[in-house]
Amino acid sequence: AKTVKKAAAKKVKKAKAVKKVKKATKKVAKKAAALKAKKEAAKARAAKKVAALKAKKQAAKVRAAKKAAALKAAKARVAKKAAALKAKKQAAKARVAKAAAALKAKAAAKRAAIRQKKDAIKSSGPVSPLTLFVQKNATKGQKATLAVTVKQWKVLSDAQKAPFVAEAKKNLAKRHEIRQSFKAKPN
């Protein structure tokens with residue numbers, strides 16, 4: 001009976017030891033599971049953080065792209081305005097140049113018309129007998145000064161002066177005709 005008791009005690013002891021080991025194993029397994037869960041949660045949190053950072057970065061990229069596009073559009077608008085202003089300025093410059101050219105041409109035409117009138121009036125010839133005499137004497141190739149020619153004129157008789165006077169009168173009449181032709185005719 002002692003041996004049976006001993007064997008039963010041994011069995012109980014063994015069963016207690018097995019139970020203890022099983023309990024310890026369960027505890028270790030529970031701790032391992034808790035650690036694994038903790039690790040998984042940490043991993044999930046880290047992944048969440050990374051995803052949030054990625055999203056933030058992407059949003060910042062999108063904002064930057066939008067800003068760049070807006071800036072580009074603004075630059076394009078400014079460039080367009082500048083081009084329009086430049087074109088306007090050039091058009092104004094061209095108009096001014098055209099107007100200036102027209103005025104210049106008008107002034108030149110006016111001067112040409114005046115010159116033409118003066119030339120036409122001069123074409124009638126000298127209207128003074130003395131001027132006619134001076135002119136005719138100069139064409140003969142005499143190298144006399146004006147003072148000498150005037151003295152020669154004064155020495156001439158009325159009969160000698162008569163042809164010059166007659167021609168000067170004709171020239172004066174021609175001059176009057178030319179001047180009358182230039183005057184505006186009444187309607």
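Here are some questions and answers about this predicted model.

Q: Which helix has the lowest confidence in the protein chain?
A: Since this is a predicted model, it helps to start with how confident the predictor is. Across the protein chain the average pLDDT is 89, and 94% of the residues score at least 70. Confidence is highest in helix α1 (residues 2-122), with a mean of 93, and at the bottom, with a mean of 80, sits helix α2 (residues 129-139).

Q: Is the aromatic pair of Phe-133 and Trp-153 stacked, tilted or edge-to-face?
A: The count of aromatic pairs comes to 3. In the pair of Phe-133 and Trp-153, the ring centres are 5.3 Å apart and the planes make an angle of 45°. Stacked needs under 30 degrees and edge-to-face needs over 60, so with 45° this pair is tilted.

Q: How many residues apart are Phe-133 and Trp-153?
A: Phe-133 sits in helix α2, while Trp-153 belongs to helix α3 (residues 146-155). Both Phe-133 and Trp-153 are buried. Their pair links distant parts of the chain, and the separation is 20 residues.

Q: What kind of pair do the rings of Phe-133 and Phe-164 make?
A: Look at the planes of these two rings: they're at 85°, with the centres 5.4 Å apart. Anything over 60 degrees gets one particular label. So Phe-133 and Phe-164 are edge-to-face.

Q: Which helix holds Phe-164, the partner of Phe-133 in helix α2?
A: Phe-133 and Phe-164 are both buried, and together with Trp-153 they form one aromatic cluster. The pair of Phe-133 and Phe-164 ties together parts that are 31 residues apart in sequence, because Phe-133 lies in helix α2 and Phe-164 in helix α4 (residues 158-182). The helix asked for is α4.

Q: Are α1 and α4 roughly parallel or roughly antiparallel to each other?
A: The axes of these helices come within 9 Å and cross at roughly 155°, and the crossing is right-handed. Where they meet, Lys-117, Ala-120, Ile-121 and Lys-122 in α1 touch Arg-175, Ile-178, Arg-179 and Phe-182 in α4. Angles over 145 degrees count as antiparallel in rough terms, so α1 and α4 are roughly antiparallel.

Q: Is Lys-86 buried or exposed?
A: You'll find Lys-86 in helix α1. Its relative accessible area is 56%, and the cut-off to pass is over 50%. So Lys-86 is exposed.

Q: How far apart in space are Lys-86 and Ala-9?
A: In sequence, Lys-86 and Ala-9 are 77 residues apart. Going from C-alpha to C-alpha, the separation in space is 113 Å.

Note on methods. Residues are numbered from 1 along each chain as its sequence is written. This is a predicted model: local features need pLDDT of at least 70, side-chain atom pairs count only at pLDDT 80 or more; totals for chains, interfaces and linings use all residues. Side-chain values use heavy atoms; hydrogens and water are left out. pLDDT is the predictor's confidence in each residue, from 0 to 100. Helices (H or I, at least four residues) and strands (E, at least two) are DSSP runs, numbered from the N terminus. Rings of Phe, Tyr and Trp (its six-membered ring) pair if their centres lie within 6.5 Å; planes under 30 degrees apart count as stacked, over 60 as edge-to-face and the rest as tilted. Buried means under 20% relative accessible area, exposed over 50%, partly exposed in between (1.4 Å probe, protein chains only). Axes are lines fitted to C-alpha atoms, for helices over the stretch in contact, and angles run from 0 to 180 degrees between N-to-C directions. Angles under 35 degrees count as roughly parallel, over 145 as roughly antiparallel, 65 to 115 as roughly perpendicular and the rest as oblique. A crossing is left-handed if the near helix is turned anticlockwise from the far one by less than a right angle, and right-handed if clockwise. Contact means heavy atoms within 4.5 Å.
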